[in-house]
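Dear colleague,

I am passing on the structure we discussed, with the sequence. My notes on what turned up follow below.

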Amino acid sequence: MLLARGGTFDEAVEFLRTGSMGRTLLADADPDTETRVVAAVRAALAPYMASDGVRLDAAVCLVSAVA
């Protein structure tokens with residue numbers, strides 16, 4: 001999975017921070033907590049920075065059913 005459409009490292013971090021999951025998790029966080037969370041996300045993503053952006057391993061299961 002290529003985060004933030006292959007943007008910069010900072011764009012990938014911002015994508016996660018401002019996306020629905022990031023907004024939900026940080027909704028009630030005070031500024032100090034948000035700063036610490038963003039720093040932890042940056043540290044966690046750093047090993048996944050590639051020449052074309054931040055790349056994470058991902059799997060998707062597509063399930064359909066017919067009655």
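**Contacts, fold and pocket**

Among the contacts in the protein with a separation of 6 or more, 59% join residues that are 24 or more positions apart. Please bear in mind that this is a predicted model.

The secondary structure consists of three helices and two strands, and along the sequence they come in the order α-α-α-β-β.

On overall dimensions, the radius of gyration is 15 Å, where a compact globule of 67 residues would have one near 11 Å. The C-alpha trace spans about 50 × 35 × 15 Å along its principal axes. Of the 67 residues, 16% count as buried. The exposed surface comes to about 5,200 Å², and 60% of it is supplied by carbon and sulfur atoms.

The rest concerns the largest pocket, which holds about 150 Å³ of space. Its lining is made up of Val13, Leu16, Arg17, Met21, Gly22, Leu25, Leu26, Val37, Val38 and Val41. Three helices, α1 (9-18), α2 (20-26) and α3 (31-45), each supply at least two residues of that lining. The largest share, four residues, comes from α2. Sorted by class, the lining has eight nonpolar residues, one polar and one charged. The charged one is Arg17 and the polar one is Gly22, because Arg counts as charged and Gly as polar in this classification.

Regards

Definitions and conventions. Residues numbered from 1 in each chain as written. Predicted model: local features only at pLDDT ≥ 70, side-chain atom pairs only at ≥ 80, totals over all residues. Heavy atoms only, no water. 1 Å grid on protein atoms, 1.4 Å probe; cavity = no way out; pocket = protein on both sides within 12 Å on 5 of 7 lines; lining within 4 Å. Points joined across faces, edges and corners; volume = space filled by probe spheres on them. Rg over C-alpha atoms; globule rule 2.2 N^0.38 Å. Buried < 20%, exposed > 50% of the residue type's maximum accessible area, 1.4 Å probe, protein only. Contact = heavy atoms within 4.5 Å. Areas by Shrake-Rupley, 256 points an atom, 1.4 Å probe, with all protein chains shown as cover.
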